[in-house]
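The following exercises are to be worked with the sequence and the coordinates at hand. Each task is followed by a solution in steps.

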Amino acid sequence: MVINLAFEKIDMDYQSIKVNPLTGALGAEIAGVDLSKKLTNQQQEEVHRAFLDFQVIYFRDQTLNAEQQVSMARLFGNPITYPYLSGVDGVPEAHEIVKTPDDEVNFGGVWHSDTSYKPKPDMGTVLFAVEVPEAGGDTLFANTYLAYNALSNGMKAVVEDLIGINDSEKLYPGGRANRISKLSKMKDSYTDGSQPMQSEHPIVRTHPETGQKGLYVSEAHTLSFKDMTVEESKPLIAFLGEHISRPEFTCRLRWQKNTLAVWDNRCTQHFAVNDYRNSYRHMRRVTLQGEVPV
Ligand code: SIN
């Protein structure tokens with residue numbers, strides 16, 4: 001069977017896993033897989049195909065400790081450490097993201113693609129729900145291919161050769177430590193020795209595996225366009241940010257305890273919703289080595 005997912009026709013011929021699309025834009029639940037066990041070659045191939053086609057995939061009811069999460073993350077790429085948080089004991093590639101009832105600020109509560117300020121931004125992210133609020137704490141995702149394709153030809157010509165300057169501290173006047181210190185649980189693992197980072201990447205990025213073009217710009221990290229001032233760049237960065245997050249380009253993942261999601265930072269953005277003031281949310285995160293965006 002072939003389905004139309006937004007502008008793309010997706011081959012739904014999966015034999016060893018079950019794939020249930022989440023919205024018409026992106027996202028799919030994968031069933032019939034126990035990630036704590038070794039997958040067959042066919043399962044591995046089909047899970048990887050679903051990852052490329054749906055950009056965000058998730059698996060319910062998984063039982064994974066930090067080591068197993070890092071090990072299954074290797075299905076998608078090479079797990080690496082995160083520059084601003086230390087890893088869990090004995091497993092440096094896995095780190096905890098915890099928001100307690102006392103914390104106001106959440107981690108990732110703004111549209112972004114992970115670590116776009118690095119010279120080689122993280123290719124993908126593998127997030128496991130250890131503890132979730134009864135309601136709230138969902139994550140939104142946006143399909144940046146769709147956002148690019150929906151631009152007018154005139155706007156495509158404007159953005160085609162733009163280079164974005166992405167800065168790790170854009171949202172943190174006074175430094176990351178200042179903001180992170182409001183996340184009481186994360187303060188403990190904040191690696192304050194890490195330096196701020198800045199990298200230049202094309203605003204229109206071609207995915208190395210699918211060959212599709214997507215927008216690679218965010219209000220969270222893109223400070224300005226190369227050869228333009230911050231003030232000159234602001235309006236277009238704001239327009240593109242709003243455009244990428246249009247509802248028809250998005251999906252919303254409602255977490256359950258023991259859900260594991262994997263997303264492709266090369267063609268998506270995400271936003272962790274901070275709507276669970278009196279609850280506890282505990283996630284475990286592993287990120288994957290990326291390449292220089294072109
Ligand atoms: C992130 O931005 O990587 C975290 C997303 C989340 O906690 O939902």
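**Exercise 1.** In this predicted model, determine whether Asp122 is buried or exposed, and locate its polar side-chain partner.

*Solution.*
Step 1. The relative accessible area of Asp122 is 2%. Because buried means under 20% relative accessible area, Asp122 is classed as buried.
Step 2. In the chain, Asp122 belongs to the loop that lies between strand S7 (94-99) and strand S8 (124-131).
Step 3. The side chain of Asp122 makes a polar contact of 2.8 Å with the side chain of Lys118.

**Exercise 2.** Identify the residues that surround the ligand, and state which strands each supply at least two residues of this shell.

*Solution.*
Step 1. The surrounding residues are Phe107, Gly108, His112, Asp114, Leu127, Thr139, Trp263, His270, Ala272, Arg281 and Arg285.
Step 2. Sorted by class, the shell comprises 4 nonpolar, 4 polar and 3 charged residues.
Step 3. At least two shell residues come from each of strand S17 (268-272) and strand S18 (281-288).

**Exercise 3.** Which residues place a polar side-chain atom 2.8 Å, 2.9 Å and 3.1 Å from an oxygen atom of the ligand, and how much of the ligand's accessible area does the protein cover?

*Solution.*
Step 1. For Arg281, the distance from a polar side-chain atom to a ligand oxygen atom is 2.8 Å.
Step 2. For Arg285, the corresponding distance is 2.9 Å.
Step 3. For His112, a separation of 3.1 Å is found.
Step 4. On its own, the ligand has 260 Å² of accessible area, and the protein covers 100% of it.
Step 5. The ligand takes up the space of the second largest cavity.

Terms used: Residues numbered from 1 in each chain as written. Predicted model: local features only at pLDDT ≥ 70, side-chain atom pairs only at ≥ 80, totals over all residues. Heavy atoms only, no water. Near = heavy atom within 4 Å. Polar contact = N/O pair within 3.5 Å; in protein donor to acceptor, adjacent residues only side chain to side chain. Areas by Shrake-Rupley, 256 points an atom, 1.4 Å probe, with all protein chains shown as cover. 1 Å grid on protein atoms, 1.4 Å probe; cavity = no way out; pocket = protein on both sides within 12 Å on 5 of 7 lines; lining within 4 Å. Sits in = over half its atoms within 2 Å of the grid points. Helix = DSSP H or I, 4+ residues; strand = E, 2+ residues; numbered from the N terminus. Nonpolar A, V, L, I, M, F, W, Y, C, P; charged D, E, K, R; others polar. Buried < 20%, exposed > 50% of the residue type's maximum accessible area, 1.4 Å probe, protein only.
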